[in-house]
Amino acid sequence: MSTSTALTPRAPSLLGASVRWLLGKLMGGIFVLWAVATAIFFGIRMIPGDPAEAIMGGPGSQASAEALAAARAHYGLDQPLIVQYGRQLKQLALGDLGTSYSLKSPVVEVLGELVPPTLILASLALLVAWMMALALAVFSTRSGVLASAVASGLEIVSAAVPHFWLASVLIMVFSSMLGWLPPVSTNTAAGLVLPVFTLALPLAGFLGQVMRDTMMEAQRSAFALSARARGESETGILLRHSLRHAALPGISLSGWALGSLLSGAVVVESIFARPGLGRSLLSAVTARDIPLVTGVALLSAAAYVVIMTVSDIVERLADPRIKQS
Amino acid sequence: TTENSADDGTPVTGGTLVYASGDAEPSCLDPHVGGNYPQALVASQYLETLYTKDAEGKLIPWLAEDSTVSEDGLTRSVKIRDGISFTDGTALDAAAVKANFEHLLDPNTASSTGYLALGKIASMTAVDARTLELKLKTPDNSLLESFSMPWVAIESPTALKRSQEENCAAPVGTGAFKIASWKKQEAVNLVRNEGYVRPVASSTHEGPAYLDAITWRFIPDAATRYAALQSGEVQVIDNAQPDAIATATKTATLKHLDAPRPGASNRIELNSSKAPFNDPKTREAFVHAVNVNASIDSLFFGTAKRSYSPLSSVEPLAYSDDSLFDYDPAKAAELLDAAGWTERDTEGYRIKDGQRFSLTFPVSTSQSIPAEQSIFEQMQATAKDSGIEIKINLLDLSSWYGDLAKNNYNLVSAPYTKVGPSVLSILFHSDSTIPAPSGYFANHSQVKNPALDALLTTAGSTKDEAERKDLYTKAQKLVLEGYYLLPLYDQQNHFLYSDKLKNVGATTAVASPLFFDAWLSN
Amino acid sequence: MNEQQAIVEVKNLSVSFGGSKVVKDVSFTVRAGECLALVGESGSGKSVTARSLLGLAGPGSTVTAETLTVAGQDGRSLSQRSWRTLRGKEVGFILQDALTSLDPLRTVGKEIDDSLRLHTRASGATRATRVMELLEAVGLDDPERRAGQRSGELSGGMRQRALIAAAIALDPQLIIADEPTTALDATIAASIMDLLGTLRQAGSGVLLISHDLAAVAKVADTIAVMQAGHIVERGTRDQIFHDPQHPYTRALLAAVPAGKPRFVKLSPTEEASSQVHTRDSEQKVTAAEDAGGEAGAVVRPVLSARKLSKSFAKGKHATFMAIKDVSFELLPGRTLGVVGESGSGKTTTARIVLGLLAPDAGAVELFDEPWSSAREVDRRSRRSQLGAIYQDPLSSFDPRLSVGSLLADAVSFGATRNPRSHAARITELLQMVGLDAEMSGRNPATLSGGQRQRLAIARALAPQPRVLICDEPVSALDVSVQAQVLDLLDELQQRLGLSYVFISHDLSVVRHMSDDVLVMRAGQVVESGATERIFTSPRHDYTRALLAASPLVGTQESGGGL
Amino acid sequence: MRQLFRVLAAVVLLFFILAAIAPNLLAPFDPLAIDPAAAFSSPSAGHVLGTDESGRDIYSRIIHGARPSLLIGAMATAIGLGIALVLGTIAGFGGRWLDFGIGRILEVLFALPGLLLALVFIALAGPGVTTTVIAVGITAAPGYARIIRGQILTLRSSPMVEAATVLGRSRFHVLRVHILPNALAPIGVLATLGLGQAILWAASLSFLGLGSPPPTPEWGAMLSAGRTYLSLAWWMTFFPGMAIVLVAAAATVLGRSTKFGGVR
Ligand SMILES: Nc1ncnc2c1ncn2[C@@H]1O[C@H](COP(=O)(O)OP(=O)(O)OP(=O)(O)O)[C@@H](O)[C@H]1O
Ligand SMILES: Nc1ncnc2c1ncn2[C@@H]1O[C@H](COP(=O)(O)OP(=O)(O)OP(=O)(O)O)[C@@H](O)[C@H]1O
Ligand SMILES: [Mg+2]
Ligand SMILES: [Mg+2]
C-alpha cells in the first residue's frame with residue numbers, strides 16, 4: 001500500500017527533528033528571558049523611588065547628597081537609561097545578576113540560598129496535590145454518584161480557599177489548639193507539613209477537577225469498554241487505562257501550577273516564616289531592589305521555560321496523539 | 001509590668017534561646033548603617049554602648065568610664081574603660097571609639113540615626129589610649145544620651161576596616177553574645193562570648209552569659225509568631241499583639257514584658273503647611289472630633305495607656321496636658337463653623353469654597369500594627385460625624401516615604417525613637433522641615449516657629465538641668481497647644497516569653513531586651 | 001466440533017434504559033461455524049443486544065430474558081467474576097468504534113496481550129510470541145514494530161485489525177463484530193470481511209452487526225433484520241435477499257443504490273417506487289442552452305480543471321504531493337462522480353475547485369472564466385454560482401444560528417440573519433428539500449442526520465448556484481436516509497438543471513448518481529469516462545481491484561430484480 | 001446531584017448579587033458604624049455573625065462588601081478578558097507574524113509570576129480599588145488570551161468558516177459574524193470561572209496590605225484584618241472567608257456546568 005512507499009529511514013530524521021525542536025525551545029526560552037529582563041528593567045524604573053536611596057539603606061534613609069551620588073556612580077545609575085540597559089544585558093548575558101541593593105551580596109548567592117527551600121516547598125506541594133487529586137479522582141470514580149458529588153464539592157471548595165486564610169486556620173487548629181505541628185520550623189520534616197498542605201490543597205482542588213473529568217471520560221470511553229469485553233476488571237481499567245489519561249492534563253497544567261505555586265509561596269513563606277524566593281520577591285519589590293527583583297523574575301521565568309519544555313516532552317512521550325508541530 | 005522575680009531558682013548554664021522578631025529583617029546587622037529599631041533590637045545582643053540607662057532610667061556609663069564637658073560646652077572628653085576587648089581580640093580604646101565615630105560620620109556608611117546623633121561633633125582626637133576629646137560645633141547636652149543608643153554602639157575598628165558587605169553580615173562588638181552566622185530570611189545565630197567581662201551595673205552576675213546561644217528568628221506574621229510561642233518552638237516574641245498579650249497574661253506558662261521606647265510618643269502629626277490644617281482652628285477641631293480613648297480601650301485590652309505628651313512616658317522631661325485632647329464633637333463643630341467650614345455636601349462632609357474638608361492619611365502597613373490601623377479606621381468613622389473626611393491610604397514603606405516627600409498628606413503617624421528630650425528638636429525644629437537629599441524630613445507637622453526653634457536650640461545646649469527642663473516643657477506646651485500633633489500612646493514594645501525563660505527584664509536605653517542574665521530552665 | 005452446537009441462545013431478550021425499552025423480545029441462536037448478521041438502521045438496538053451477551057449492556061440498563069445462554073453459561077445469573085472469565089476467553093468482542101477502541105496511550109502489543117495476561121498463566125515470553133502470531137494472522141506487516149506502536153500511529157484499517165487480533169487471541173467460540181467495516185475503504189473492508197470468513201471456517205460462531213444489508217451479503221449465513229428494538233424478519237441470506245417478507249426489509253433493500261440505474265427512486269414514495277425516470281430531454285436542452293451553446297452545438301463545460309497539482313509541507317523539508325495533474329470537465333446538468341480510496345486527494349481537489357485552496361499548478365475555470373487564478377475579491381461576486389455540501393453538515397453551520405437564520409444569511413448574501421426578512425424564500429427552500437417550514441426556529445444540532453443534510457442542501461441552493469460540489473454528502477448517513485438524500489439530489493438536478501461534482505468512496509453510490517466517473521489513486525486520476533463504461537469494462541487495474549472489493553457493485557444479480 | 005449543586009450555586013450567587021445591588025435590603029446595620037464598646041462580640045441574636053474590632057456588624061459588612069468584592073472580581077475579569085480579546089483576536093486573525101509576536105508576548109507574560117506583575121503594577125500606580133482591579137486583570141489576561149486565541153484559530157479553520165467563504169463572505173464579515181461571536185461563547189464560562197479566581201487574587205493582595213483602602217468592607221480586606229484576631233475572634237475571619245469561598249465555588253460550579261452542558 002501507499003504507506004510502505006512513504007517509509008523513509010526513520011531514526012536520523014526523527015533525531016534531527018528532536019534536536020531542531022529542542023533548539024527551537026532553547027531560542028524561545030532565551031527570548032523569554034530577554035523580554036522578562038527588559039520588562040523588569042523598565043517596569044521597575046517607572047516606579048517612583050530613587051534606586052540610589054534603596055542602595056543607601058532603603059527609603060527614609062537620610063543619606064547625604066554625596067553618598068547618594070557616590071552610590072549612583074558606583075552602580076552606574078548616573079548614566080543614560082539606555083546605556084544602563086545595555087550594560088545590564090551584557091552582564092546578564094555573562095551570567096552576572098549583579099549585587100542586591102538591600103542585601104548587599106551578589107544576587108546569584110542570594111538566589112542560591114533561597115532556591116532550595118522554595119524548591120522543596122513547591123515540589124512537595126505539587127507532589128501532595130497530585131496525590132490528593134488522584135486519590136480523590138479514583139475514590140469518586142469507584143464509589144458512585146454520591147461519593148462523586150462529595151468529591152466534586154471538596155475539589156471546588158478547596159480550589160476556592162485563599163492561601164493565607166487556609167494557613168491561618170491550619171496554624172490555629174494544628175499548632176495552637178492541638179499542638180501537633182510546629183508553625184514555623186524550617187529544619188524539620190514536621191515543619192514542612194503545614195506550609196506544604198497550605199499550598200497543595202487549593203492546587204489539588206484545581207487539578208482534581210480536571211483529572212476527575214478526564215478519568216470519568218476514560219471510564220466511559222470505547223477503549224475501556226473494549227478492555228472490559230476482554231475480561232479486564234474495574235481495578236485493572238482504572239490502573240492500566242484511566243489513571244494515565246487522568247495524569248495527562250495534570251502534566252500539561254504543571255507549568256501553570258508552578259506559577260501559582262510561586263505566587264502562593266509569597267503568602268505561605270511570609271506566614272510560616274520560611275526563607276524562600278516568594279518572600280524575598282515581596283521584600284525586594286518593596287525595597288525597590290532592582291537586581292534582586294530581576295534575579296527572581298529571571299529565575300522563575302527560566303524555571304517556567306524549563307518546566308514547560310519538560311512537561312511538553314513528558315506529554316509527547318506519554319501521548320503519541322500530540323504530533324510534532 | 002516587668003517581671004523580674006528573684007525566686008526563679010538557681011541559674012542554669014546552657015541552652016539555646018529562640019527569639020522571634022516580628023520586625024523586618026535588617027538588611028545590615030551593623031546599626032551604624034541606616035539605623036532603625038530592628039537593627040537596635042538584635043545589635044543590643046552583640047554590641048554595647050558607651051553609656052546606658054539603669055532600671056530607674058538614670059544614665060550610667062558602660063563602655064565609657066566617665067565624661068566631662070568644658071565650661072563653654074564645646075569640648076567633651078570621654079574616658080574609655082580599660083580591660084575590655086572586642087570578640088575579635090582587638091582592644092577597646094579611645095582610638096577604637098574614634099574610628100567608630102568616624103565610621104558613623106562617613107557619608108559612605110549611610111548612617112541616618114547615628115549620624116544625626118553625632119551631628120554636632122566638629123572634630124575629635126584620641127588624647128591618650130583611654131581619652132577621647134570631642135570638639136563640638138555647638139553645645140550639645142544630649143550627647144551622652146545619644147551615646148546610649150545602639151545606633152552609636154562601639155564596634156571593633158579592625159572589623160570596621162572590612163568591606164561594608166562583610167561588616168553588615170557580622171559586625172564585631174564587645175557584647176555578651178557574638179554573631180556565629182546569619183541565614184537570610186531565617187535567623188541570625190548568636191553564640192555566647194566566653195570572654196565577656198563588663199555587664200551593666202544592674203546585672204545579677206558577672207562573667208559570661210548563661211545561655212549558650214540565641215537564635216534570632218524573623219517571623220513577620222503576628223499570629224504565626226504567637227503560635228510559635230504557644231507551641232514552645234520559640235521562647236520570646238516581640239511586637240506582641242494586644243489581644244495576644246491579653247490572652248497570654250491569663251496563661252500561666254507565658255509572661256509579658258512591657259518596655260516602652262524612649263523618645264517620641266506614638267502620635268499623629270497634623271501637617272500645618274497646607275490647607276486645611278494651616279488654620280489652627282481646624283487642627284483643634286480635628287483633635288476634638290475623634291474619639292481616641294474609646295478606641296484604645298477596646299483595641300488594646302489595657303496594654304496601652306493614652307498619652308497626652310509628645311514624649312514617651314519613660315522620658316523624665318515629658319510634659320502632658322490631658323485637658324487639650326478630649327473628644328468633644330460640639331466644640332469641634334463650633335470651631336469648624338468659626339473657621340468657615342459651615343456648609344455640608346451631599347455625603348455630609350463639611351465644605352468651604354467648594355472644597356471638602358478632606359484629610360489624606362498615608363499609612364505604612366509595615367510600621368503600623370493592625371490595632372493601630374483599627375484606631376485610624378475608628379477615627380475615620382467618628383470624624384465623619386463631624387463632617388470630616390479621612391482618606392486612609394495603605395502603602396508599602398517606599399510609597400509611604402514617597403508621599404511624605406511629596407507633601408501629599410494631612411495626617412501621618414511616624415514613630416521616632418531616640419534617647420532623651422532632644423528628639424523634640426528633630427521632630428519640631430524648623431530645620432527638620434528641610435528634606436535630606438533623599439527627600440526625608442522628620443518634622444512632619446511642619447511647624448515653623450522661630451520662638452519654638454529658639455526654645456529647642458537653647459534647651460539643647462544649656463548646661464543647667466533645671467533650665468533644660470523648663471525650656472523643654474515650654475516647647476512641649478507650644479506644640480501641644482498649637483495642636484500640631486495628636487498623642488496616642490507610648491511606642492509599643494511588648495515582649496511575650498515562655499516561663500521556662502528566667503530572669504528576663506533587663507533592657508538597653510532604647511528598651512531593647514538584654515539576655516545576659518537570662519537562663520533557660522528545663 | 002458439532003455443527004449444530006449453539007454457542008449463543010437468546011430467547012425474548014429485552015433491554016431497557018430507565019423507562020425506555022430499546023431491545024424488545026429478541027430471540028436468536030448462533031451456532032459454531034455459523035455467521036449470523038444483525039442488520040437494521042441506526043438506533044435499532046443492534047449494539048445493545050450484542051453488549052448484553054457479555055453483560056455489558058451499559059450503566060443503568062435492565063436486561064431480562066427467558067434464555068440467555070452464552071458459551072454454556074446462563075448469563076442471567078452470572079457473577080461479575082464469572083462474566084470476566086467469559087469475556088475475552090469464550091467470546092471475542094470487536095467494538096463498533098474501531099478508531100477509539102484502543103487506548104491511545106498504550107501500545108497495541110499491550111492491548112492484545114491483555115486477554116492473554118488475564119486468562120492464561122503463560123509466561124511473558126510466550127505471550128509475546130503469541131502476540132506476534134496474532135498480528136501476523138490478521139495481516140499486519142512488520143508485527144514487531146506494530147506491537148510497539150500506539151493506536152495514533154496506525155491507520156484505521158490497522159487499528160481494526162489490531163482489535164480483531166485482540167478479540168481472537170484465545171480462539172473464542174464466539175466472535176461479535178459490531179460494524180467492523182464502517183469508515184474503512186472498500187478494499188480494506190473487503191479484506192476484513194474475508195478475515196471474519198476465515199475465522200468462521202475455523203469453527204467460531206460469528207455475530208456480525210451492520211446497518212448495511214449489502215455489506216453483509218458475502219459472509220452471513222443467516223440474517224436477522226432489526227427495527228426499533230424488534231427482530232422483524234429472520235432468514236437465510238437467500239430468503240432475505242430474494243424473498244423479503246417484511247416491508248421494512250424491502251425498504252432496506254430498495255435503499256441500496258447498488259445496481260440501480262440513474263434516477264431510480266431509492267426510497268419508497270407514493271409514486272411507484274421502482275418507476276424509472278428517463279432523462280427529461282427538454283430540460284437537458286435547456287441546461288445546455290443556459291451554458292451558452294445552441295442546441296446541437298458543442299456544449300461548453302460549466303467547470304473545467306486543467307492539470308491541477310497541489311503539495312503540502314510534510315515536516316520541515318519534505319513535501320507531499322496530495323494531487324498531481326488532475327484534469328476534468330463538468331458539463332451542464334450532468335454529474336461527475338469522483339471515487340478513490342481514502343487519502344487519494346478527492347477532498348483536496350474539491351477544495352481547489354471551491355477556491356479554498358490555491359493549486360500549485362494548473363487552473364480551474366468556471367463558466368469559461370478563470371476561477372482558481374482570480375483574486376478572492378473578484379471571485380466573491382461569482383461565488384453564488386458554486387455551492388458545496390459536506391460530509392458533516394453540522395460543523396459547517398454556525399452553532400449560534402437557527403435553521404431560519406442560517407437560510408436568511410444565505411438568501412440575503414450575508415446581509416441579515418433575521419429569518420423574518422426573507423420568510424417566503426426560506427419556506428420555499430425548506431419545502432424544496434422536503435423539510436417542514438416549522439423547522440425554521442430549531443437549532444440544527446437538534447435535527448437528525450438526514451434533516452441536517454437536507455438543510456445543508458437548502459442552504460447551498462439559496463444563492464441559486466448552477467454547480468454543486470458534494471464531498472461525501474451521504475457517507476455519514478444510514479442506508480435508508482442516504483436513499484432519501486440521493487433521491488433529493490436527483491430530483492433537484494432535474495428540476496433546476498444543476499451540475500454536480502459528486503465525491504464518494506462508495507462505488508455503488510457513485511455509480512447510481514453519476515454520468516461520468518473519475519477514479520483517483522494517490523493523487524492522480526487513473527481512469528475517467530462514462531459511468532457505465534468504467535463499471536462494466538474498467539481499463540485500469542486499480543479500478544478493477546476497487547470494483548472487486550465493493551460488495552454488490554459488479555453483481556447485478558442480487559438487487560436488480562427488486 | 002449536579003443539578004442540586006447548580007441550583008445551590010445559583011442561589012448563592014443570586015443572594016450576593018442582590019446584596020451587591022441593594023445591600024440595605026439585607027443588612028440590618030450600617031457597615032461603617034463603629035461601636036468600640038461592642039467590639040469582638042461573638043455571634044449572637046443581635047449580631048448574627050458577631051462584630052469586629054471596631055464593633056461593626058460582620059454580617060452587615062459582608063452584605064455591603066458584596067458590591068466592592070463582586071465588582072473587583074467582575075471588573076478585573078472584564079479587564080482581563082478585554083485585553084485577552086484584543087490580543088487573541090489580533091493573534092488569531094492578524095496573520096502569521098502578528099500571531100507569532102503576540103504568542104511570544106503571552107509567553108513572556110506567562111513566564112512572569114502573576115504576583116510580581118501585580119506588585120509592580122501596584123507600586124507603579126499606588127494601591128486602591130482601581131489599581132487592584134487592573135492588577136488582577138492584567139494578571140489574568142494571558143490565560144484568557146491563550147484560550148481565546150486557540151478558540152479563534154480553531155474557528156478560523158473550521159468547516160463553518162469554509163462554508164461561509166464558499167458562500168462568498170469576506171474575511172471581515174466572517175470574523176465579525178461567525179468567528180468573534182462563537183469565540184465569545186466560552187467567555188461567559190471563563191468569566192464565571194475567573195470571577196472566583198479574581199476575588200481570591202484581590203484577597204491575596206489585601207493580605208499583603210495592598211488591597212482596598214479602609215473602611216471599605218471588601219471581603220479580602222475583612223479577611224486579612226480579621227486574621228490578626230483569629231484566636232480571639234474566629235468569626236471575624238471565618239465568615240468573610242466563607243463568603244469568598246462560597247462565591248468562588250458557586251461561580252466555578254456554574255461556569256463548569258455551562259461548559260459541559262450548554263455549548264457544544
Ligand atoms: N448506555 C445507554 N444509555 C441509554 N440509552 C442507550 C445506551 N446505549 C444505547 N442506548 C439507546 O439504545 C438504543 C439502541 O442503541 P444501539 O447502540 O444498540 O443502536 P444500534 O442499532 O447499534 O445503532 P448504530 O447503527 O447507530 O450503531 C438507542 O436509542 C440508544 O440511544
Ligand atoms: N492541509 C493539508 N496539509 C497537509 N496535508 C494535507 C492537507 N490536506 C490534505 N492533506 C493530505 O493530502 C492527502 C489527500 O487528502 P484528501 O483529504 O484530499 O483525501 P481524500 O481523498 O478526500 O480522502 P478521504 O476519503 O479520507 O476523505 C492526504 O494524504 C492528506 O493527508
Ligand atoms: Mg451500534
Ligand atoms: Mg475527503
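Let's start at ligand 2, where an oxygen atom of the ligand sits 2.5 Å from an N or O atom in the side chain of Thr348(C). Bear in mind that this is a predicted model, so every distance here is computed from predicted coordinates.

## Around ligand 2

Thr347(C) joins in as well, with a polar side-chain atom 2.6 Å from an oxygen atom of ligand 2. Gly343(C) uses its backbone instead: one of its backbone N or O atoms lies 2.8 Å from a ligand 2 oxygen. The residues around ligand 2 include the run Glu341(C), Ser342(C), Gly343(C), Ser344(C), Gly345(C), Lys346(C), Thr347(C) and Thr348(C). Phe312(C), Phe320(C), Ala322(C) and Glu472(C) are also among the residues around this ligand.

## The magnesium ion

Ligand 3 is a magnesium ion, and chain C supplies its two listed donors: OG of Ser47(C) and OE1 of Gln96(C), at 1.9 to 2.3 Å. These two come from distant parts of the chain, 49 residues apart. Ser47(C) belongs to helix H1 (residues 46–52) of chain C, whereas Gln96(C) is in the loop between strand E7 (91–94) and helix H3 (108–119).

How accessible are they? Ser47(C) has a relative accessible area of 16%, which makes the residue buried, since buried means under 20%. Gln96(C), at 35%, counts as partly exposed.

## One disulfide, in chain B

How many disulfides does a search of the whole structure find? Just one over all chains, between Cys28(B) and Cys168(B), with the sulfur atoms 2.1 Å apart. Cys28(B) lies in the loop between strand E1 (16–21) and helix H1 (37–43) of chain B, and Cys168(B) lies in helix H6 (residues 164–169), so the bond ties together parts that are 140 residues apart in sequence. The torsion about the S-S bond is about -90 degrees, so this disulfide is left-handed.

Both of these cysteines are tucked away from solvent by the numbers: Cys28(B) is buried at 3% relative accessibility, and Cys168(B) is buried at 2%. Over in chain C, Cys35(C) is buried at 2% relative accessibility, and Cys470(C) is buried with a relative accessible area of 0%.

## Salt bridges

The structure holds 53 salt bridges over all chains. Here are three of them, one each from chains A, C and D.

| Acidic residue | Basic residue | N to O distance |
|---|---|---|
| Glu234(A) | Arg228(A) | 2.7 Å |
| Asp221(C) | Arg200(C) | 3.0 Å |
| Asp52(D) | Arg61(D) | 3.7 Å |

In the chain A pair, Glu234(A) is partly exposed, with a relative accessible area of 33%, while Arg228(A) is buried at 13%.

The chain C pair splits in a similar way: Asp221(C) counts as partly exposed at 31%, and Arg200(C) is buried at 15%. Asp221(C) lies in the loop between helix H8 (213–216) and strand E10 (222–227) of chain C, and Arg200(C) lies in helix H7 (residues 186–201), so their salt bridge ties together parts that are 21 residues apart in sequence.

For the chain D pair, both Asp52(D) and Arg61(D) are buried. There is also a network of salt bridges that share partners, and its members come from chains A and C. Chain A contributes Arg230(A), Glu232(A) and Arg240(A), and chain C contributes Arg106(C), Glu111(C), Asp114(C) and Arg117(C).

## Chain D and its annotated spans

For chain D, an unreviewed UniProt entry places the feature "domain: ABC transmembrane type-1" at residues 66–255. In the model, that span is 84% helix and 0% strand, and its end C-alpha atoms lie 19 Å apart.

Where does UniProt place the feature "transmembrane region" in chain D? The unreviewed entry gives residues 70–93, 105–125, 131–148, 179–212 and 232–254. Among these, residues 131–148 are 100% helix and 0% strand, with the end C-alpha atoms 25 Å apart. Residues 232–254 come out at 87% helix and 0% strand, and here the end C-alpha atoms are 36 Å apart.

How values were computed:
Residues numbered from 1 in each chain as written. Chains lettered and ligands numbered in written order. Predicted model: local features only at pLDDT ≥ 70, side-chain atom pairs only at ≥ 80, totals over all residues. Heavy atoms only, no water. Donors = N, O, S within 2.8 Å, 3.2 Å for Na, K, Ca; no water. Helix = DSSP H or I, 4+ residues; strand = E, 2+ residues; numbered from the N terminus. Buried < 20%, exposed > 50% of the residue type's maximum accessible area, 1.4 Å probe, protein only. UniProt positions renumbered as here; feature names shortened; annotations may be inferred. Disulfide = S-S within 2.5 Å. Salt bridge = Lys/Arg side-chain N within 4 Å of Asp/Glu carboxyl O. Near = heavy atom within 4 Å. Polar contact = N/O pair within 3.5 Å; in protein donor to acceptor, adjacent residues only side chain to side chain.
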